[in-house]
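These are my notebook entries on what I looked up in the structure. I begin with a question about overall form and then turn to the two copies.

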There are 2 protein chains.
Amino acid sequence: MVIAVDAAGGDYFPKNPVQGAIEAIGEKQDLTILLVGPEDLIKAELRNYSYDTDRIQILHAPDVIGMDESPSAAVKNKRNSSIVLGLSAHKQKKCEAFVSAGNTGALLAASMFILGKLEGVQRPTIAATIPTIKGIRLLIDAGANLELKPETYRQFAQMGTIYSREIMEIKDPTVGLINVGEEPEKGTELLKEVFGILKEIPNFRGNIEGRDIFNATADIFLCDGLIGNILLKFGESIPSTLQMIIGKTMKEMNLDADTRDTVVNVLHKSLHSFNYEHVGGIPFLGVDGISMVGHGGSTPAAVKNMILNASNCVEAGINEKIIASLQN
Amino acid sequence: MVIAVDAAGGDYFPKNPVQGAIEAIGEKQDLTILLVGPEDLIKAELRNYSYDTDRIQILHAPDVIGMDESPSAAVKNKRNSSIVLGLSAHKQKKCEAFVSAGNTGALLAASMFILGKLEGVQRPTIAATIPTIKGIRLLIDAGANLELKPETYRQFAQMGTIYSREIMEIKDPTVGLINVGEEPEKGTELLKEVFGILKEIPNFRGNIEGRDIFNATADIFLCDGLIGNILLKFGESIPSTLQMIIGKTMKEMNLDADTRDTVVNVLHKSLHSFNYEHVGGIPFLGVDGISMVGHGGSTPAAVKNMILNASNCVEAGINEKIIASLQN
């Protein structure tokens, strides 16, 4: 299996994508990596490692898309970027998947444009991973579609169910609709209509509230991309906020250095699962291919996990299962 | 000044409302409290305190509205409840304000129905307080209006500005519109239209993102009640989630009891400001009167602070200032 890796994406390229790729082939047999990016940069980085040279290939892509560039303009103008060339290689079946820690918007736009939609899919979506007290769970939509039609929620529920079960190894994943209360009559007219549609899928758990997310009273949290994006960014700000207020508290309490170190250590270990760099990438569901994006700050281990996730998607036949599910 | 206090609201009535009332008259001169609730319960509780009997009055209200009762049904059917009779007394100018730690929905419904709207107000709103690294700030709307018209956002911005400046003592409060990105063209068509309208108010800071809330890059966070309610409940679940994961981490680390106590102590002190019981009540803005609601678990100190907040609203002439602001 060949997985293409964006070697020009994320805050630490080419180092982290290249190192992640080398770690991935060390961990999984039958895996070949196609590193996509400026050839000279990739080659220079590869010199730092010893590896099976047959299993690391390079696709030269000189254009670099910045993390803050306008997605549509970047995809349109940078035809020789790693994202455009990598996804084109995937479309041409030169590789089975493409993963990137780069510009999420550009990757989404290019995935839609180059790969297209899976048969029967109304809208592709970003399914974000979110830490809970029960482990990592899915939040859909994470910002790809700010407004959704009722029937689209149903498709997102079905796609999220397949990804949760096949890739996240959650045995019987349930779906919750994020709302202002649990009763079916809660929320806007749109959400009431969505509730009526979701009722028809067997693993719909009902409405859930904001407090149910960290408690994971469902496994797939459904909402439109406006709410999803706001919730995710709010959640991402929790660790730094805590570090700040706990630091201030310890100063006020005049704790000695050893005690402060212990508290910081406990906090650090506790927040580890809340650190979005460690989940290894999230999928675009509903595109005709396997395209995953990781946090801009992805470590080599995060890139490696994203590659392994993508290869799991290929082996599990995620997209065939999505097509079959949407036909029911 | 007479402030009416719901002595039959919250999780700990009549004790906490009664004790809070007595603490309030001890702290502020010229304040008389009208305790509204079942007379026998109030009298029995009052026997535990010594106080100036001229400054604590009772309005008998035998019906009790439960915390989980349907708001509209409760207000309609329980005409002799503390909420209905207390707000009616306020409408009849027998008191200058009404505060309650009871059923928020019932209080909102009754406030709208009995007090009515202030001149020029399209929709009254709940302005929730939210802890940030810069202190307590306002989030509007907290769930009273799930969908808003563009012009209504502007009124909420104006009402929130007056409350922040006059009661929360924030000198030059700024308004941020919660969105998926900072640029004016971000978000739904509705949010783009709202941006265009908000641009006309002098203290509009622009769009803010989910991560800007705890960082308080604005002082008033504007959103519809759907987003506000979901964000608030998500935020409220942070302390218990943290306690759980930090407890688990400490167990795994095999820390000794003394160290565990220290960590718990630091966490407890740090999360103090995140504990919604301590903020002392939040206002319904835009109703023709002063009506405030506190957390169901309000301590006596929280009730006292809510009473003092309400008296500050009266003294500051909040509603006159809102009317004047909306005319501009």
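What radius of gyration would a compact globule of 328 residues have, and what does chain A have? I worked on a predicted model, in which local features need pLDDT of at least 70, side-chain atom pairs count only at pLDDT 80 or more, and totals for chains, interfaces and linings use all residues. Residues are numbered from 1 along each chain as its sequence is written, chains are lettered from A and ligands numbered from 1 in the order in which they are written, and side-chain values use heavy atoms, without hydrogens and water.

Entry on form. I found 21 Å for chain A, which agrees with the value near 20 Å for a compact globule of 328 residues. The radius is taken over C-alpha atoms, and the globule rule is 2.2 Å times the number of residues to the power 0.38. I noted that the C-alpha atoms of chain A fill a box of roughly 65 × 60 × 35 Å along the principal axes.

Entry on content. I recorded 13 helices and eleven strands in chain A; these are DSSP runs, with helices (H or I) of at least four residues and strands (E) of at least two, numbered from the N terminus. In chain A, 60% of the 328 residues are buried, that is, under 20% relative accessible area (1.4 Å probe, protein chains only).

Entry on the copies. I saw that a turn of 180° and a shift of 0.0 Å along the axis lay chain B on chain A with an RMSD of 0.1 Å. That is the relation of a two-fold axis. The superposition is by least squares on the C-alpha atoms of residues with pLDDT of at least 70 in both.

Technical notes: Buried means under 20% relative accessible area, exposed over 50%, partly exposed in between (1.4 Å probe, protein chains only).
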